[in-house]
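Subject: The structure I promised you

Hi there,

Here is the structure I said I would pass on. Have a look at it first, and then read on for what turned up.

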Amino acid sequence: MTGIVSTPIAANESAQITGLSLTVEGVDLRFGGIHALRNVSFKAKAGEVTAVIGPNGAGKTSVFNTISGFYRPNAGTVHLGDEDITKVPVHARAKRGLARTFQNIALFHGLSVLENIKLGGHHTMHAGVFSALVYSKSMQEKELALREEVERRVIDFLELDHIRHQSVDVLPYGLQKRVELARALAMRPRVLMLDEPVAGMNREETEDMARFILDVQEEWGVTVLLVEHDMGMVMDISSHVVVLNFGQVIATGTPAEVRSHPQVIEAYLGAEEAH
Amino acid sequence: MIEFAEYSLLGLLSGGVMALIALSFVLIYKGTGVVNFAVGEVMMLGAYLYYAAAVTFELPPVVAFLISIGVISILAMIVERTVLRPLSGQPAVAVMMATIGMSSIMHGTIETIWGGDTYQPPGLLPRTPVFLGEVLIPGAVLGNFAIAAILIGGFLAFFRYSKTGIALRATASDPVTAATLGININFATRLTWMLAGSVGTVAGVLIASSAGLAPSLSGAALGVFAAIILGGMDSVLGAIVASLILGWVESISAGYLGGKSRDVIPYVVVLLILVVRPYGIFGTRTIERL
Amino acid sequence: MRTGVFYENFQNEEQLWNSPVKRLWMLAFICALLTLPFWGTQYILAMACIVGIHVIATFGLNLTTGNAGLISLSHGAFLGVGCYTVAYLGKLGVPFYVTIPIAGFLTAMLGVIVGLPSLKVKGIYLAIATLAAHFILSFVFREWTPVTGGVQGTTIPRANLFGYQLMGDKDNFYLIYFLAIVLGIAARNLGRTYIGRAFVAVRDRDISAEILGVNLLKTKLLAFATGAFYAGVAGGVLGYFYGAIVPDYFSLTLSIFYLAAVIVGGLGSVLGSIFGALFMTFVPEALRLLSNASSHWFPNAAGLVLPMGQVVFGLLIIIFLVFEPHGLTANWRRVKRYFHLWPFKT
């Protein structure tokens with residue numbers, strides 16, 4: 001895949017490394033009779049781009065959902081930096097710096113682009129319902145501060161200013177995905193989980209998205225954990241790859257190492273480079 | 001002790017008829033995923049139509065019965081076509097509100113046409129009381145239960161063993177796949193509504209024959225919501241078992257705590273269940289796909 | 001024809017009435033409203049009071065059901081709670097500016113209790129829970145005679161402002177509309193803060209909302225409590241306006257009435273609440289006039305008003321759900337757009 005602006009690098013010294021590491025250890029997950037994840041362990045290093053790949057049904061989304069907190073693993077732990085977050089409720093993970101996008105777009109249809117993105121900053125707002133009802137000075141200041149931050153850091157960055165007041169359901173698919181990324185960025189994430197960020201996109205949209213992801217990682221020092229089927233993109237932007245199959249980790253390493261790993265080739269049965 | 005046995009038995013028997021109403025609800029929910037708030041009003045409308053046919057037009061009771069079932073079936077079809085089909089893309093909340101609207105329309109129409117007085121439709125069954133040991137059971141109650149039991153047994157068998165029954169279950173569980181297998185899903189949906197309407201009518205006629213026909217009849221169905229929640233909204237067996245249990249609870253509380261408690265006990269039960277075990281005894285816990 | 005409004009900073013854009021034209025219209029509206037007792041007939045004044053009460057209640061239900069998507073069939077009963085609170089405290093001599101807030105908060109607390117099942121369930125289960133709550137409250141209204149006067153109902157002493165008794169429609173009009181304006185602005189304020197956005201998020205995709213840090217239970221309970229607060233206040237002023245009520249007034253039909261108002265007006269919009277309440281108030285009125293006019297041919301038409309009202313409420317709900325799911329607000333916006341763009345078509 002050509003056209004990417006820069007090769008992936010570990011967060012350089014000029015960007016503040018705000019990213020945390022994400023460690024999954026010995027995670028085991030069962031649903032009734034289905035053994036979704038078996039002893040899954042890997043680490044996404046702080047400030048780097050790590051990709052999780054595998055055939056359909058390998059358990060990639062289950063891993064994400066476990067990290068998000070929707071599934072409690074039957075065994076194993078999830079660590080964000082040094083903190084064990086395995087038992088932390090879902091909504092409390094946002095303020096610890098965990099952000100995520102979804103495979104199927106999960107934007108709020110009743111809200112505009114700007115309002116959707118502002119919701120990313122929800123966990124930073126603490127004012128109370130009375131302040132909200134009377135729109136007190138302090139509420140006003142907080143809302144304006146949020147607006148400023150969202151506009152300068154995210155909307156400008158992802159080039160969404162021309163559609164900020166549009167309702168999200170009239171946007172084309174590619175823009176919706178970008179808005180979802182914007183919303184995740186508004187969370188001030190330290191670990192950003194992207195579930196198939198370029199699914200269904202054409203070449204141009206994929207390149208744009210890849211550029212944005214790399215920019216995020218470089219400028220903000222965020223740790224990026226990526227699930228993706230587009231092998232070209234994965235190989236180009238990630239520094240570390242984890243391969244899942246049937247709920248188990250079958251290989252980890254750099255893209256080059258993983259690409260030539262015999263078990264990985266077998267798992268994909270000849271479909272190594274999708275593009 | 002005799003009192004307890006009498007209350008218990010009465011409760012179970014009336015619970016059996018309630019089970020028919022619950023069945024009407026579950027049929028629609030299982031068959032089409034629609035939450036039918038108007039289940040009480042459908043039942044009531046069926047009963048009123050029976051009354052109209054039997055008394056106003058002086059037809060023999062059995063004929064009147066069949067006519068009322070027929071009319072309700074047609075109405076069910078019309079509703080499915082005009083209200084539910086256009087709303088099929090919308091969130092479940094919208095459809096639920098539509099059935100709330102429907103219940104209001106039906107209730108109002110019934111009161112407009114027939115007024116608020118109580119009528120006595122002719123019974124289909126003998127009214128002689130029956131003695132079970134030392135316990136006195138009004139004949140109508142026993143008869144109602146018997147009919148309800150037969151119908152419910154019939155439905156359980158229908159869904160289990162008959163080709164149409166299985167087709168209905170398939171449509172409910174996955175309409176697209178069912179369609180590709182050659183099942184006419186529109187017909188299946190319509191049939192589900194017709195069956196549900198018919199069952200409700202039977203329940204309405206049975207209850208009205210013994211308790212009298214008045215607009216407050218739909219209130220009886222509200223207790224059914226408690227049964228549905230207790231049993232699990234998508235379980236036929238659950239609806240039946242829960243109705244029996246609730247019928248028993250209502251009867252016991254009416255007997256020992258006074259008749260007024262009947263108004264409030266089902267709802268207290270509902271709230272308790274929702275907090276403790278929301279999916280009911282037999283309901284399937286839905287797992288949302290993330 | 002407006003060519004456009006341009007803002008120089010975010011603060012100006014975020015204001016509620018963020019253009020000179022809007023501010024002018026709002027001012028005109030407020031003036032017309034405040035002088036209504038002087039230019040309106042007795043009938044219009046009385047109707048305006050009733051509309052005001054319904055508007056306050058609809059604001060509340062729109063927050064719970066329109067914004068947060070939590071169907072509440074107990075709204076009618078919540079009004080009853082507010083009304084009986086005001087009646088009870090009023091008889092003890094508590095002034096209205098204390099009883100009304102208390103009515104609001106008490107109902108809000110009840111709203112939290114009713115909303116607790118939403119911890120584990122949603123959608124239909126929640127609706128049934130609110131239905132159950134409604135019937136339990138109705139039971140309490142009918143049976144708790146020492147406090148509520150039982151089936152006979154109770155009277156409410158007139159509101160008292162430092163010795164000046166608020167008697168008659170004019171006084172009550174100002175009380176009702178003062179509250180309506182304050183609470184309406186509060187509702188709009190809520191909408192432009194993180195709490196209002198969280199409500200809509202919970203309605204649209206609660207899983208996403210959780211990931212973003214929204215505490216689902218707290219938010220849902222807040223939605224219930226706020227809606228109930230408005231209902232309590234509405235019930236309170238209803239009491240002061242009518243002077244006497246019976247428990248039958250707070251029926252399931254009333255809850256359905258407000259649900260219809262929310263749907264007809266437009267889910268989730270404050271303007272929609274106003275349209276919906278206005279529209280819904282005139283439905284029974286229109287029916288009443290119709291039945292009076294046709295009593296010539298249908299002598300018992302008067303008795304039909306109530307059940308026919310039920311039919312019409314139901315029909316309105318269904319018609320709007322099928323044909324105009326965004327309610328009258330969508331129509332209003334279309335009309336406004338036409339005028340803004342005129343003489344252009346798009």
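Before the helices, one term: an axis here is a line fitted to C-alpha atoms, for helices over the stretch in contact, and angles run from 0 to 180 degrees between N-to-C directions. Please also keep in mind that this is a predicted model.

Let's start with chain B. Its secondary structure amounts to eleven helices and two strands. Going from the N terminus, the order of elements is α-α-α-α-β-β-α-α-α-α-α-α-α. Chain B has 290 residues, and 50% of them are buried. If you take the contacts in chain B between residues at least 6 apart in sequence, 73% of these join residues at least 24 apart.

Now for a pair of helices in that chain. At what angle do α6 and α8 of chain B pack? Helix α6 (residues 163-173) of chain B meets helix α8 (residues 185-211) of chain B at about 105°, and their axes are 10 Å apart. Angles of 65 to 115 degrees count as roughly perpendicular, so α6(B) and α8(B) are roughly perpendicular to each other. On the α6(B) side, the contact is made by Ala167(B), Leu168(B) and Thr171(B). From α8(B) come Ile185(B), Ala188(B), Thr189(B), Leu191(B) and Thr192(B). By class, the residues of this contact are five nonpolar, three polar and no charged.

On to chain A. The domain assignment splits it into domain 1 (10-97 + 189-275) and domain 2 (111-174). The centres of these two domains of chain A, taken over C-alpha atoms, are separated by 28 Å. Domain 1 of chain A gives six residues to their contact, and domain 2 of chain A gives four. The side of domain 1 that touches domain 2 has three nonpolar, one polar and two charged residues.

Chain A also has a sheet you should look for. It is an open sheet of six strands with mixed pairing, in the order β6-β7-β8-β3-β9-β10. Which strands stand at the edges? They are β6 (98-100) and β10 (248-253) of chain A; each has a single partner strand, so one side of each is left without a neighbour in the sheet. On average, neighbouring strands of this sheet are turned by 20° against each other, direction ignored. Strand β9 (residues 240-245) of chain A is joined to β10(A) by five bridges, and the two run antiparallel. For a spot to click on, try Val243(A), which stands opposite Ala251(A) in β10(A). Helix α1 (residues 60-68) of chain A packs on the sheet and touches β3 (49-53), β6, β7 (191-195), β8 (223-227) and β9 of chain A. The direction of this helix makes about 145° with that of β7(A).

Finally, how does chain C meet the other chains?

- With chain B: 36 residues of chain C are in contact with 34 residues of chain B. The largest share of the chain C side, twelve residues, comes from α15(C). That side divides into 29 nonpolar, five polar and two charged residues.
- With chain A: 27 residues of chain C are in contact with 30 residues of chain A. Here the largest share of the chain C side, eight residues, comes from α10(C). The classes on that side are 14 nonpolar, seven polar and six charged.

Happy browsing!

Methods:
Residues are numbered from 1 along each chain as its sequence is written. Chains are lettered from A and ligands numbered from 1 in the order in which they are written. This is a predicted model: local features need pLDDT of at least 70, side-chain atom pairs count only at pLDDT 80 or more; totals for chains, interfaces and linings use all residues. Two residues are in contact if their C-beta atoms, placed from the backbone, lie within 7 Å. Helices (H or I, at least four residues) and strands (E, at least two) are DSSP runs, numbered from the N terminus. Ala, Val, Leu, Ile, Met, Phe, Trp, Tyr, Cys and Pro count as nonpolar, Asp, Glu, Lys and Arg as charged, and the others, Gly among them, as polar. Angles under 35 degrees count as roughly parallel, over 145 as roughly antiparallel, 65 to 115 as roughly perpendicular and the rest as oblique. Domain bounds come from an automatic or database domain assignment. Two strands pair if DSSP finds at least two bridges between them. A residue is buried if 20 or more other C-beta atoms lie within 10 Å of its own, exposed if 12 or fewer, and partly exposed in between; C-beta atoms are placed from the backbone.
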